[in-house]
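Subject: Handing over a structure, with notes

Dear colleague,

I am passing on the structure below, together with notes on what was found in it. Please read the notes with the structure open beside them.

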Amino acid sequence: MLQAAYLAGVVTALAATTLSDGEILPPLMGYEQADGRSFQATFFVEAQARNALENNEHEATRAAIVVNGRVPLIPVVKEALLIDIVEYGPVRQRMQLVLPYRDAHSPCGFALHEIGVLDFDNIADADEAPILDAIFAGIESQPAYAELWDKYFENWD
């Protein structure tokens, strides 16, 4: 699951970069096949991305999708990146995360907030921290992504 989380971090960073520029984010998918090669796919609608992830259409060993969504339960920020990570294998592991953000077109400008775990399957509670660390390792894998995170991260306080 750590490799899938790293992959999710890379895709999440790409999504955040797109949003920070004020662009519209299409549903994104990153996936890795058994030979270690990684690929990216862009979809027209969220349902296509979710279907590709659920049905493992690319015959991947692991995959992650990042889609733009809304979080009505968080009063300060309504927009969020919804991140789904899957490690395909004998036992499928899945984690769903949320990354609230403030839209680049808002009066205060773009901001990223703290990643939160929404749900997980076949993952022990104790495994959450290393998985989140792997996501941030993916985000920081390219200097431009790390700089973006540092520039736009904002605490809720």
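The notes below go from the whole chain to single residues.

Please keep in mind that this is a predicted model, in which local features need pLDDT of at least 70 and side-chain atom pairs count only at pLDDT 80 or more, while totals for chains, interfaces and linings use all residues. Residues are numbered from 1 along each chain as its sequence is written, and side-chain values use heavy atoms, with hydrogens and water left out.

The chain as a whole

The chain has four helices and seven strands, where helices (H or I, at least four residues) and strands (E, at least two) are DSSP runs numbered from the N terminus. Followed along the sequence, these elements come in the pattern α-β-β-α-β-β-β-β-β-α-α. The radius of gyration is 15 Å, close to the 15 Å that the globule rule gives for 157 residues, so the chain is as compact as a globular protein of that length; the radius is taken over C-alpha atoms, and the rule is 2.2 Å times the number of residues to the power 0.38. Along the principal axes, the C-alpha atoms fill a box of roughly 45 × 35 × 30 Å.

Of the 157 residues, 46% are buried, a word that here means under 20% relative accessible area, with exposed meaning over 50% and partly exposed in between (1.4 Å probe, protein chains only). The accessible surface of the chain comes to about 8,100 Å², and 52% of that surface belongs to carbon and sulfur atoms; accessible areas come from the Shrake-Rupley method with a 1.4 Å probe, and for residues only the protein chains shown count as cover. If one takes the contacts (heavy atoms within 4.5 Å) between residues at least 6 apart in sequence, 52% of them join residues at least 24 apart.

As for charge, the chain carries 9 positive and 24 negative side chains, and the centres of the two sets lie 5 Å apart. In this count Lys and Arg are positive and Asp and Glu negative, with His and the chain ends not counted, and the place of a charge is NZ of Lys, CZ of Arg, CG of Asp or CD of Glu.

Two glutamates and R62

Which residue's side chain makes polar contacts with the side chains of both E32 and E87? That residue is R62, whose side chain is 2.6 Å from the side chain of E32 in one polar contact and is joined to the side chain of E87 by another of 3.0 Å. A polar contact is a pair of N or O atoms within 3.5 Å; within protein, one must be able to donate a hydrogen and the other to accept it, and residues adjacent in sequence count only if both atoms are side-chain atoms. E32 lies in strand β1 (residues 28–32) and is buried, at a relative accessible area of 15%. E87 belongs to strand β4 (residues 79–87) and is also buried, at 11%. Residues up to four places away in sequence aside, E32 touches L7, R37, S38, A60, T61 and R62, while E87 touches M1, A4, T61, R62, R92 and Q93.

Exposed and partly exposed positions

R70, in strand β3, counts as exposed at 59% relative accessibility, and its side chain makes a polar contact of 3.1 Å with the side chain of E79. L118, in strand β7, is likewise exposed, at 54%; beyond its neighbours within four places in sequence, L118 is in contact with Q96, L97 and V98. The C-alpha atoms of L118 and L97 are separated by 5.1 Å, although the two residues are 21 apart along the chain. F136, found in helix α3, counts as partly exposed at 27% and, with the same kind of neighbours left aside, is in contact with I115 and W149.

Two asparagines with positive phi

Most residues other than glycine have a negative phi. N56, however, has a positive phi near 50°, and N122 has one of about 60°. N56 sits in the loop between α2 (46–54) and β3 (62–70) and counts as buried at 19% relative accessibility, whereas N122, in the loop between β7 (116–121) and α3 (128–139), counts as exposed at 52%.

With kind regards
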